[in-house]
Every structure is written in C-alpha cells, then in structure tokens.
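Thanks for coming. I have one structure to go through today, so let me put it on the screen.

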Amino acid sequence: MTLKALFKFSSISLILSTLAGCQSLIQAESKHQRVHIFAFNDFHGNLEPPKRYLEAPDPTNSNKAVRIPVGGVSYLADAINKLRAQHPQHAVVSAGDLISASPLTSSLFLDEPTIEVMNAIALDFNAVGNHEFDRGTDELRRLQNGGCQQYSHAVPCQVNTNFSGADFDFLAANVSLKRHPQRTLFPAYKIKYYAGMPVAFIGLTLEATPSIVSAAGIQDVDFHDEAETINALIPQLQQQGIQAIVVLIHEGVAPTQRLNQQTCAGLSGPLIGILERLDPEVDLVVSGHTHQSYICDYATQNPAKPFLLTSAGQYGTLITNIQLTLDGKTGEVLQKNARQIPVQSESYMVGTTRMDTTDLYEKFNPTPSIEAILMPYRQAVTTISARVIGSAYNAIPRQILASGESPLGILIADAQQAAALANNPQGSDFALMNPGGVRADLMVNAQQQITFADVFAVQPFGNSLITLSLSGQQIRELLEQQWSGANASFPKILQPSQEFSYQYSASRTASPRAQNIRVAGQPLINSKIYRVTVNSFLADGGDHFTAFKQGTQRIGVGKDIDALQSYIAQHSPVTAPMTQRIQVIQE
C-alpha cells in the first residue's frame, strides 16, 4: 500500500471511529439514569443514640420480628456514606424538624452542632418544619447564614465562635415575607443535575405551623396552602424543561404497616387531603411530622395521583433509600421504588435489660469526622447534664392513656401549678399542659437518679410560664377545642394539674363533650373568673387552643424547665401521679 493510500485509509478509519464515538456518546446520553435519594425526617437534633429500637421483620423467618437498636448521628453518617459510595448519583434530603425539641447536646447550643454535623454529612436540602420556627425566623436565618447574633434566650457560639451556618439549603416554598409577599423566607425549590438531567426539589412546611409555634417569632412571615403552593410551581419548573419533581413536605400520615411493608392501606391524616389536590406531575413526596415510617405507592389509592409517598420515622433511626429511574431523552421519571434502612448503632441498657445489636441487619460504625465535631460539645455539656436534680423509683412515661392523660404530662402540670403558686401573689387555680410539649419519658439512671439531662430531654423548649384569667365559660370553650376544629382528627387532650378534673363522652361527637367540670372539687361556674397557668406556647393559642388568646391579666411565673426541676427536687423520690383527673364515660 502506498503512503497516499495508507493516509486515505487512516483518514477514513479515523472518520468512522469518530462517528462511532459520537454514536456511542449519543447512546450514552440517552441512556436511562438512576438517581438515589437518601431521605430522613424529624431528626430533632438527636446527635447521640436515642436508646430506641425498631421492630423489623426477621429475614430468616417472616413470622418473627427482630428488635434493632438504632440512631445516633455518627452511625447515620456511616450509613449515608456507604449508600453514597454505592450510588454516586444521589441527593441527601430532610423533610423538616431537623432541629429544635432536641436533646441537651444539641439544644443547649441552639442546635449549632446539628447544623455542623449535617454539613459534614453533606446534606443537600432541608424542608423547614414547624420546629424550625420554635426560636423565630431571625434565629432560623442565623442557622442558615451563620454568625453569633443573639435572637433567643440562649447564647449562640458558645463552643464554635466562628459558626458559619448551614452549607445545605433550607427550603420554604409556602412561607412568604409579609413585607414582600412575592418572596419566600428561603428558596421554594432547588435543582440538581444528573448526567445533565434536572431533578427539582420543592420544600415546604405545614400551613398550620402558626398554630403550633410561638406567635412572637413568626410575625414577619405568612404560611400558605401546601397543595396550592406546589401546584403553582409545577408550570414554572416545566418551562425550564424539568420533568422530575420531588416534594419534601413537613406533613404526614399515620400508617398501619410494619417496617418495609409497602402498602397504602390504613393511611390517615392531614397529608391525605394535600395529596388528593396535588398535581399528578409530582413524582415523589418525602414527608414527615408524624414521626412514622411508611412507603406507599399512592397510585394504588388514587390512579390519578401516581406518586410515591415515603417517611423515615424519627430521630435518624431510619434512612429511606429511594431510587428514581429517569428517561434518558425526556428526563421524566419512569420508575420509582424505596426501602427503609435501619440505622443499627449500638447496644444499650433499659433498666436491667440489655438491647443488643443483631447480625440479621447491617451494622454501622461511628464516623471519625462526626465524632471530632461532637467532642467539644460533649465536653461542654458533661458537667451540666450530669447534675443530679432528684430521684425516682422508676422512669415516668409520657405515654398517652385511654383517657388522654399522660402520667408525665399531669406531673408537669402539677409542677407548673406549684411554680405559679410560689411565684405569683395572685395565685393560680390550676395549670394545663399541652401533650406535644412533653418530648421524652422522664428517665432515671441505675442509682435511681434524675439528672438535668433527663429533665431537659422532657422540656427542651425553654418556654415561659404565664398565669392568665379566663371565665368559666371560656374554659368550657377551651375544653371543647380539644376535639373540634383542627383537632377533630387527632384530639389533643390538655394535661390538667390535680386541682382540675372533668368527664367526657367517648361516643358523643357534638359539643359539649366535657361535663362535670370541677376546680378544687367545686363545679365550674360560667361567670366566675379563674386564674389558669400555661406555657407561652399555649398562651399564644398554640395547638389550635385559641380560647387561651382571650386570657387577660397575664403574669409571667418562670420557665417550664425550672418549674419541673424544682418540683422534682422537692418531691423526690418522685412518683407518677394517678391518672384519674379525666374520666371517659359511655353514653
């Protein structure tokens, strides 16, 4: 072959090779892409293993269950890192309540350590939940942007004097600024690209947030309908060529399913009403708020709503590993599935019983980089948390009984009534406590001691106590709000101090349900003015108890956690009160 012929042959080969390469590139670009989303919700600053277990199916025997000790952010990081290594095209997301109502190691430092470890985990997005607003919008902005300006009762930057805020994005599609209604507090959505294909992540909280956080901290923002907010964003996203749409929403349902039992059967709760109005272009709904675990192909409930619905329980005890398959040409979601992964951590003791890890599920390990972040916070809190407050023979549970009473809830009410009597010359007739404000069982150690850490876990909000005046008629209206309006689906029974008692019908649905209402053993008189002690959250009308907002002659009588500490110290060894203040009657 001549040199000219060789050159011609080589040129043709090169052209063919180049064309083949382009064809391969075109084929590669049009190949379907698998994207994994690692999701959790309601973390609530649970940095340390929370001494909880999950009951999961025994993989060796479907008729049996196995208990798995779970949680702890150092183990959560290891689980996410392993998933990340297996699935490089991914996002790590949280569906709200990442912070607040937190254990001592996080809450004592305004949840700065939670932000720092989530930066290390490389969290991408956190949809704001109601608890993100517990300390107000200014403090929430500080956690996003960094800085050490004080906006709440606690001093910021106690450990990290250069707190730089979150590297990840808070999302708040349905929270607008009152001064600029077209602007949201944080971005409504963010977009991530996978092999050039976009996936949109919309984040939002429940519209009812103002009813469950202190009004004082959210005066600069408005909260809007969830479904309307999401649906209005869909055309904007589609105009940008985005077909894959993920919603991170801090609202949820109550399931009846077991772990990884993928079904929609028995789901109930406020999120259902949102889903039924949601644009079917949504592909995935990652939810929270109810602290429950579920995976539901919602098309089995309503074929017109073909999205996948998930939630990963609470406290970082589970990760939902969600897989989306994207069409390589259009970017649309072709397939979606999910599985819950228990974050198995370490064995722990419950009294004299040991909860051991199991080889039937994957075990995770502490992550050195996370441990390094936590160490100075642990050191700073050790002396404070170990301080002994009092004693008890046994742990006092917050479990809600059939009457709606909780042993710990009514003990807290007694403590707040005692504080009001001690700190208020005008006195107090009785106290009422909201059940949602009781965040953990009151634990005791092996020496039957109650420490400050135990008390703080129960009452982490730092709410003020307020004694206010209500008429007997207003108190009747207040009691009816436990079962009516926004509380109709999930009644919220206020926990009464020992001076207050009543009965209610289990079968009656019309008002009045409460009867035989007594204060200090005497019948409630409609025209009489009573002094009632509640926390500042309730005093502002929280949990839809708007009757409290009518209360007059308000006087501050201390802090909720101080009241509980003092009561335990004075009554040790403290015991659970008898739950007979509220009685359910049959009609």
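I will go through two sheets, then a strand pairing elsewhere, then a helix pair, and end with a single residue.

First, the ground rules. This is a predicted model, in which local features need pLDDT of at least 70 and side-chain atom pairs count only at pLDDT 80 or more, while totals for chains, interfaces and linings use all residues. Residues are numbered from 1 along each chain as its sequence is written, and side-chain values use heavy atoms, with hydrogens and water left out.

Helices (H or I, at least four residues) and strands (E, at least two) are DSSP runs, numbered from the N terminus. Two strands pair if DSSP finds at least two bridges between them.

Start with the open sheet of six strands in the order 6-5-4-1-15-16, where the pairing is mixed. Its edges are strand 6 (169-171) and strand 16 (333-342); each has a single partner strand, so one side of each lacks a neighbour in the sheet. On average, neighbouring strands here are turned by 25 degrees against each other, direction ignored. Inside this order, strand 1 (residues 33-40) and strand 15 (residues 318-326) are antiparallel and share seven bridges. One register point to check on your screen: F38 has N321 of strand 15 as its bridge partner.

There is also an open sheet of six strands with the order 8-9-11-12-14-13, again of mixed pairing. Here strand 8 (189-194) and strand 13 (293-297) are the edges, each with a single partner strand, so each has one side without a neighbour in the sheet. The average turn between neighbouring strands is 20 degrees, direction ignored. Strand 9 (residues 197-205) runs parallel to strand 11 (residues 244-250), and seven bridges join them. In that pairing F201 is the bridge partner of V246 in strand 11.

What lies across strand 8, strand 9 and strand 11? That is helix 6 (residues 226-239), which runs at about 160 degrees to strand 9. Angles run from 0 to 180 degrees between N-to-C directions, with axes as lines fitted to C-alpha atoms, for helices over the stretch in contact. Contact means heavy atoms within 4.5 Å.

Next, strand 24 (residues 500-505). Is this strand largely enclosed or largely open? Five of its six residues are buried, so strand 24 is largely enclosed by the rest of the structure. Buried means under 20% relative accessible area, exposed over 50%, and partly exposed in between (1.4 Å probe, protein chains only). Strand 24 is antiparallel to strand 25 (residues 514-519), with four bridges, and F500 sits opposite V519 there. With strand 29 (residues 582-585) the pairing is parallel, over four bridges, and S505 faces I585.

Now the helix pair. Helix 2 (residues 73-86) packs against helix 8 (residues 368-386) at about 155 degrees, the axes being 9 Å apart. That makes the two roughly antiparallel, a label for angles over 145 (under 35 is roughly parallel, 65 to 115 roughly perpendicular, the rest oblique). V73, S74 and A77 of helix 2 make the contact with I370, E371 and L374 of helix 8.

Last, Q459. This residue is in the loop between helix 10 (452-458) and strand 22 (464-471). Q459 is buried, at a relative accessible area of 2%. Leaving aside neighbours within four places in sequence, its contacts include I412, M433, D560 and L564.
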